[in-house]
Each structure stands twice: as C-alpha cells, then as structure tokens.
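I opened this entry to look up how the strands pair and where the nonpolar side chains gather. Notes follow in the order I took them.

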Amino acid sequence: MAVLELLSVLLTACALRSTEALNLVPSQPAVRTSTASRVTRSTGAHLCAPSIDVSRYFSAGTAAAEAKEYIMQQTMVRVKDPKKSLDFYCDVLGFNLVMYREFPQWKFNVYFVAQCDATSIPATAEEQWRFCMRTPGCLELTWNYGSEAEDGPVYNTGNSDSTGTQDGEKVRGGFGHLGITVPDVYEACERFKAMGCEFTKTPNSGGMKGLAFVKDPDGYLIEILPQAEMITKPIDCDGIAVDGGSGYKDNAT
C-alpha cells in the first residue's frame, strides 16, 4: 500500500473512533459482566495521536522550583442572591463555608466555599483567612449589593447566553462549567432531582453517557462526573434509557 493510502486509512480510522467516542454515530454499549445492571462505554481517549505534543506538561510544574508551593485556590463567580447560592452549594453539593468578607464601602460581599471537613474550619476570621488561602479548589461567590432585587437572570453564564448583551444576541462565551466528582453519578442525580435541581443533561441523555450537568441558582453549569471509571446504567433519573438521548452538543453554541 502506498504511503499516502496508508496515511489516509489511519486518519479515517482515527476520525471514526473519535466520532464514536462522542456518540455521533450509533454504537452498542458493552455489558459489564461483573455488574449485570451496568454497562460501560469507552470514552475513546488516547486512541489517536494528540493534536499537540503534551508530554512535557505532565512534569512542567516540577521544573519551576519557585512555583512548587503555589496553590490553585479559587474560581470566582458572581451570584445574584447569596442565600440561594449558599443553600445550593452547601446543602446540595456538600460544600462548606470556609470564609466570608463584607465590603459595604464597595457594596459587595465574598463567600468562599469548599468541599472540606467542617471540623477543620477555624473559628476566628483571621484563622479562616489562612485556612482558606491554603485550601485548593475553593469557589468564591461574589455578591454585588442590589442584584438580588433585579428581575430575571443577572449574569451571563458563558454558554450560548444572551444575558447582559447589548443586542440581545447569544454569545459564545469562554466560561464553560464548574465540576464535581461523585461515587455514583446515577445515584447523585436521583438525589439532585429529588431536591429540585434543574438538569441540562441527565446521565443517559445526550451523546456522552454516564455524566450529567445541573444548573446552580444563577444558571452556571455544574458537571457531575464519576470518581472512577465511566459507567452507565439502563435508566437514569429522568427515565431515559442508556441507548436513548440525542447526539453530542457543544454548550457554547
């Protein structure tokens, strides 16, 4: 076989594997013999050569001695109503408030929440600051005074959203979602549904099976992923069968 013909075959094979991974073409789930009620689907990751060479980035951080004690400490989102947001992140997703600060002179407050042991959170404001700044993965909820009294959504979520735009057209935002992992996506989603959460994707809907998206009170997406392998179950919290649902959709558009 000529080199160009061989290359064409390989590229076609990679394209087909990648398309199947997104569930854009029909494929039958493989039944897990160890657990009769579950099936597993490969994500198709690493089937083809990466788009760019990423090998050095697995250890790039260790090469920067000056940065070895840096911490990915927070992501900040603006929220319309701090009470509703704290109820959601603490009561639904299991976060704890680790620190808050009020700035009436600038008319805003910040609330830092994290998934941590509540007994480890210090009692004083000064100690809470130090604890918070050393806790990876905090979420900073920023409330600007008065936003809670505004009608409708206040902040653009970044996902095909027209909120706040001058022309009323939806924007292709850069922000996508926050994400948590859980022991069992299907069981977690049953709980979220019982608590009244709004889903944009249940585990069996859409093209990618075994993960879900719920909305927080401001409409920001929260991805729900498993802490181990990606597994599926025959029926999800909305009664959708594992072989049901539509194809892959980019949330940004």
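I started at Val 77, which stands opposite Leu 141 in S6. The model is a predicted one. I then followed the pairing of S3 with S6: parallel, over six bridges.

Next I traced the whole sheet. Four strands make up an open sheet, ordered S3-S6-S5-S4, with mixed pairing. S3 and strand S4 (96–103) are the edges, each pairing on one side only. I checked the twist as well: neighbouring strands are turned by 20° against each other on average, direction ignored.

What packs on this sheet? I found helix H4 (residues 125–133), which touches S4, S5 and S6. The direction of H4 makes about 115° with that of S4.

I turned to the nonpolar cores. The largest has 32 residues. Tyr 89, Leu 93, Leu 141, Phe 192, Ile 222 and Ile 224 touch the most other members. I listed the elements that each supply at least two residues of this core; among them are strand S3 (74–79), helix H3 (82–92), strand S6 (138–144) and strand S10 (221–226). Which element gives the largest share? H5 does, with five residues.

I looked closer at Ile 222. Leaving out residues up to four places away in sequence, Ile 222 touches Phe 88, Tyr 89 and Leu 93. The list for Ile 222 also includes Leu 178, Ile 180, Ala 212, Phe 213, Val 214 and Asp 216.

Last, I noted a second, separate core of ten residues. Met 99, Cys 116, Ile 121 and Cys 132 are among them.

Technical notes: Residues numbered from 1 in each chain as written. Predicted model: local features only at pLDDT ≥ 70, side-chain atom pairs only at ≥ 80, totals over all residues. Heavy atoms only, no water. Core = buried A, V, L, I, M, F, W, Y, C linked by side-chain atoms within 4.5 Å. Buried < 20%, exposed > 50% of the residue type's maximum accessible area, 1.4 Å probe, protein only. Contact = heavy atoms within 4.5 Å. Pairing = 2+ DSSP bridges. Axes fitted to C-alpha atoms, helices over the stretch in contact; angles between N-to-C directions.
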